[in-house]
Amino acid sequence: MALTLDDVTRIAHLARIEISAAEAAGTLAQLNDIFGMIERLSRVDTSGIEPMSHPLGGTQRLREDRVTETDMREPNMRNAPEKQDGLFLVPRVIE
Amino acid sequence: MFEKSVAELSRALGSGEVSAVELAQLFLARIERFRAFNAFLDMRPEVTLAQARAADRMRAEGRATPLTGVPVAHKDIFVTRDFASTAASKMLAGYMSPFDAAVVENMARAGMVTLGKVNCDEFAMGSSNENSAYGNVANPWNPGAVPGGSSGGSATAVAARLAPAATATDTGGSIREPAAFSGITGIKPTYGRASRWGMIAFASSLDQAGIMTQSAEDAALIFNAMLGFDPRDSTSIERASEDYTRDLAMPVKGLRIGMPKEFFGKGLKPDVEAAVRAALAEYERMGAHLVEISLPNAELGIPVYYVIAPAECSSNLSRFDGVRYGHRASEYRDLADMIKKSRAEGFGPEPKRRILIGTYVLSHGYYDAYYLQAQKVRRLIADEFQRAFRECDVIAGPVTTSVAFGFGEKAADPVEMYLSDLYTIPGSLAGLPGMSIPCGFGDRGLPVGLQLTANYFEEARLLGVAHRYQQATDWHRRMPGGIA
C-alpha cells in the first residue's frame, strides 16, 4: 500500500514540521521506497510472540519518593530562545 | 608519542616520561594541523589545558588512576558543560548544557582530559557522517571515502591519531561500522551497561554508548572507568562493577566461534570476505573452533530497525519545539506556526525523514501493523541469538558488506544507505555487546573490520578474544599515510 501526497502532508502536520509542496513530493517517493522495504514484516508469522520493547525485558525501576533535584531554573533557562522574569516566552495564545 | 595506545600513554604518564599538559598540547596541535579532516566541532584549548593541569595535580597528590591525564574526544551526542553540544544539528547550534553526560562525568572523574567534541551524523542518524549539519568528515585512509557513521568524527580522530580514544554511540551499528571503515577498534557494551543520562536521545531502546580506541586492551581500560550503574537512567542495569581487563590474557584455545552463514552470503564483497576469512583462520590456528551457525531472521533486522528507531526518534525529537532551547524560527504567525517552522529549519533531511516515518508507524490505525509487529520480529531475532549461543561462545563475521564507500555514492538513496548496517543491526536489536577490530585491507587500500559479538554481559570475554588476535597480528597498529 503506497502513501499519497495527502498522507505526507498529514504526517508532516502531525509531526509539526512545515513542508512545502515540492518537498512533500520528493519525500513521498523516498517514504514509499522505505515502506516498500518495511512491508516484508507483514508476511512474518508472529502469532504467539510477545513484543520486545527492551532488550533485557526490564521493568521500570522505581525510586524512593524524595526530592533529588536542586533548583536549576537559571542554568536550565540559559539556552532559551526568548525569556523574561524566569519564564519562557512564546507567541500569545489567548486573546 | 602521538601514535601511542592508551595503555602506553598510561605507562608514560605513570613513569613521568610525559605530563598530562604536554600530552594535551601535543594532541591539540595535531587536531589543529589536521583541521581539514573536519573531525572536531568544538575545541576550547583553555578548558582542555585546565583539565590537564588538574590531572597532573591528581598524579602529584597520589590520586591518579590508570587513565589520569589520558586525552579523550567526546562524540557530540554527549552533553558537556564546557563545550557546545549540538548533536551535529543546526537545531542545537551553540547549545551549552547545564550538566555533563554520565559517561563524560565518569571519565573526567578518572582524570581523563577532554580534547573537544567530535563530529557525527545529525542526531546520530546515518552511516557515513554525510548527515552532519557541519560538513563531511574525511576518512584518513582515503580522502574520497566516508569514515562511516554515525560516529564518523570519533573514528577519524582515533584513526588519524588526533586522540588516543573517543567516545561513540551505537543505535544500529554507529560504532562498529565506522570503526571498520576507519581501521580502528570499536566496542558497544550490552544495552544498559553505559548510562544514557546526558546522551542526546535518538532511539532509546537501542542507543548505547561505547568507545573507539586503537586496541581491545585500551577499550577494556576505559570501560573500567566509563561503565556502571546509574540511577538517573531508568534502563541502566543494576550490576556490580567489574574489571573489563580480567580476560585479556585468556587463551582462545577451545573457544567456539560461530559464523552466521547468512553473513557470508550474497552481497558480501570478495575483498571483505577474504580478510574476514583470513582472520577466522588465524583464530583457528590459535586453537579456536569454527562452528557454522544460522540467524535466519537476521535479514529482517533492517525493516525492524526502520520501524522501531524512527518511532522512538519521532517521540524523542518532539522535545525540540523552539520554546525552551534549540533553534527558533525568526518569522511566524502564531505558536503552532513557530513550532512547525522552527522544526522545519532546525532539522536536516535525515532526522525529518525518520520523524515522518516514526509519526506514521505510531499513528492511529497503523501502530499494530507496524510498531507492534516490528517489536515481535525483534524478539524473534533476539531469540535466535540465544539459540546460537548454545552452540558457540562468540559470533564472528564481517561488519560491513564492503570497505568504506565514496562520498555521495549512497546519499541520494536512503534505502541503499540503510543497507550499510545489515550485519550490525541484528546485534543492536538484541542489545548484545559487539565490536569491530581491524583485520586487513580491501579494495583501494581501505581497512576491513572483523565483527565479534558475545552474549549479554560478556564484554570482558569479548575484549579478551579481540586482544588475543591483536597480540598475534598487527593490523590495529597500521596507520594511514600522511599523518606522521
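Two residues count as being in contact here when their C-beta atoms, placed from the backbone, lie within 7 Å. Keep that in mind as we walk through this predicted model, beginning with a pair of helices in chain B.

Helix α9(B), residues 301-316, packs against helix α11(B), residues 349-362, with the two axes 7 Å apart and at an angle of about 100°. Angles from 65 to 115 degrees count as roughly perpendicular, and α9(B) and α11(B) are therefore roughly perpendicular to each other. If you would like to find the contact in the structure, look on the α9(B) side for B:Tyr306, B:Val307, B:Ala309, B:Pro310, B:Ala311, B:Cys313 and B:Ser314. Across from them, α11(B) brings B:Arg354, B:Ile355, B:Ile357, B:Gly358, B:Thr359, B:Val361 and B:Leu362. By class, this contact of α9(B) with α11(B) holds 10 nonpolar residues, 3 polar ones and 1 charged one.

Let us move along chain B to helix α15(B), which covers residues 459-472. Its 14 residues reach 20 Å from the first C-alpha to the last, close to the 20 Å expected at 1.5 Å a residue. This helix is mostly covered, with 11 of the 14 residues buried. Among the buried residues of α15(B) are B:Leu462, B:Leu463 and B:Val465, and also B:Glu459, B:His467 and B:Arg468. What do the buried residues of α15(B) pack against? Their partners in chain B are two helices, α7 (216-226) and α8 (270-285), together with the strands β9 (394-398), β10 (434-441) and β11 (447-454).

Now turn to chain A. Its secondary structure consists of 3 helices and 2 strands, and from the N terminus on the order is α-α-α-β-β. The radius of gyration of chain A is 22 Å, well over the 12 Å that the globule rule gives for 95 residues, so chain A is more spread out than a compact globule. Along its principal axes, the C-alpha trace of chain A spans about 55 × 45 × 25 Å. Buried residues make up 14% of the 95 residues in this chain.

Finally, see where the two chains meet. Chain A puts 43 residues into the contact and chain B puts in 55. On the side of chain A that touches chain B, at least two residues come from each of α1 (5-14), α2 (21-38) and α3 (73-77). Of these, α2(A) gives the most, with 7 residues. Sorted by class, that side of chain A has 25 nonpolar, 10 polar and 8 charged residues.

Methods: Residues numbered from 1 in each chain as written. Chains lettered and ligands numbered in written order. Predicted model: local features only at pLDDT ≥ 70, side-chain atom pairs only at ≥ 80, totals over all residues. Helix = DSSP H or I, 4+ residues; strand = E, 2+ residues; numbered from the N terminus. Expected span 1.5 Å × (residues − 1). Buried ≥ 20, exposed ≤ 12 C-beta atoms within 10 Å, placed from the backbone. Rg over C-alpha atoms; globule rule 2.2 N^0.38 Å. Nonpolar A, V, L, I, M, F, W, Y, C, P; charged D, E, K, R; others polar. Axes fitted to C-alpha atoms, helices over the stretch in contact; angles between N-to-C directions. Parallel < 35°, antiparallel > 145°, perpendicular 65-115°, else oblique.
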